[in-house]
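Look at the model below, and keep it in view while reading. The text starts from a single residue and works outward to the whole chain.

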Amino acid sequence: MADWEKHSIDDLREYGALKESLGTLPEEIRALEEDMQLVKGTRYDKTPVEGGASGYEERLINYIDRKGRLEQNLGMAQARVERIERGLSVLTDNERLVLTRFYIHREPRYLDRLCGELGYEMRNIYKIKDAALRKFTLAMYGVRDI
């Protein structure tokens, strides 16, 4: 299996979780922002412990760092989901269905179900899958030879 084919399969397998993260990451960021509001202000007449900042400053820095990381993760997840969706958009309905069943929403006996739904033999389903994966990979990565 070529590297680009493996990357495409990985993208398809991770697509569902990535889409879910587009809902959970903003919720996590909102919760973190609420927590940040609850951090009490520091008293400037106190002297911090040797070599360190006050507890308030440490907590605030940690919140800011975590929020920045979560926002960065959200941006990367959004970009990746958009790329995968653009890759899926070049496929026919049958090709999209086959890749979805093989990689995104794989269920028991998925191959038998596909054969029944599409009215094809198993070898034809595999041909559709291979052709769809090539089209998807080309749309995602611009690679022709996988």
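**From one lysine to the whole chain**

Lys-129 lies in helix α5, which spans residues 122–141. The model is predicted. Is Lys-129 buried or exposed? Its relative accessible area is 11%. Buried means under 20%, so Lys-129 counts as buried.

What does Lys-129 touch, beyond its neighbours within four places in sequence? Its contacts there are Val-98, Leu-99, Phe-102 and Tyr-103. Find these four in the view, then return to α5.

Helix α5 also packs with α2. Helix α2 covers residues 55–89. The axes of α2 and α5 come within 8 Å of each other. They cross at roughly 135°. Angles over 145 degrees count as roughly antiparallel, and those from 65 to 115 as roughly perpendicular. The value for α2 and α5 falls in neither class, so this pair is oblique. The crossing of α2 past α5 is right-handed. Which residues meet there? From α2 come Arg-83, Ile-84, Gly-87 and Leu-88. From α5 come Phe-136, Ala-139 and Met-140. By type, the contact holds 5 nonpolar residues, 1 polar and 1 charged.

Now follow α2 to its other partner described here, α1. Helix α1 runs over residues 3–38. Two packed helices are described by the angle between their axes and the distance between the axes. For α1 and α2, the angle is about 150° and the axes are 8 Å apart. The cut-off for roughly antiparallel is over 145 degrees, so α1 and α2 are roughly antiparallel to each other. The crossing of α1 past α2 is left-handed. What kinds of residue make up this contact? There are 18 nonpolar, 3 polar and 12 charged residues.

Step back to the full chain. It has 146 residues. How many helices and strands does it contain? The chain has 5 helices and 0 strands. Along the sequence, the pattern reads α-α-α-α-α. Buried residues make up 31% of the chain, and Lys-129 is buried too.

Contacts can also be sorted by separation in sequence. Take those with a separation of 6 or more. Of these, 69% join residues 24 or more positions apart. Last comes the surface. The accessible surface of the chain is about 9800 Å². Carbon and sulfur atoms account for 48% of that area.

How values were computed
Residues numbered from 1 in each chain as written. Predicted model: local features only at pLDDT ≥ 70, side-chain atom pairs only at ≥ 80, totals over all residues. Heavy atoms only, no water. Axes fitted to C-alpha atoms, helices over the stretch in contact; angles between N-to-C directions. Helix = DSSP H or I, 4+ residues; strand = E, 2+ residues; numbered from the N terminus. Parallel < 35°, antiparallel > 145°, perpendicular 65-115°, else oblique. Left-handed = near helix turned anticlockwise from the far one by under 90°. Nonpolar A, V, L, I, M, F, W, Y, C, P; charged D, E, K, R; others polar. Buried < 20%, exposed > 50% of the residue type's maximum accessible area, 1.4 Å probe, protein only. Contact = heavy atoms within 4.5 Å. Areas by Shrake-Rupley, 256 points an atom, 1.4 Å probe, with all protein chains shown as cover.
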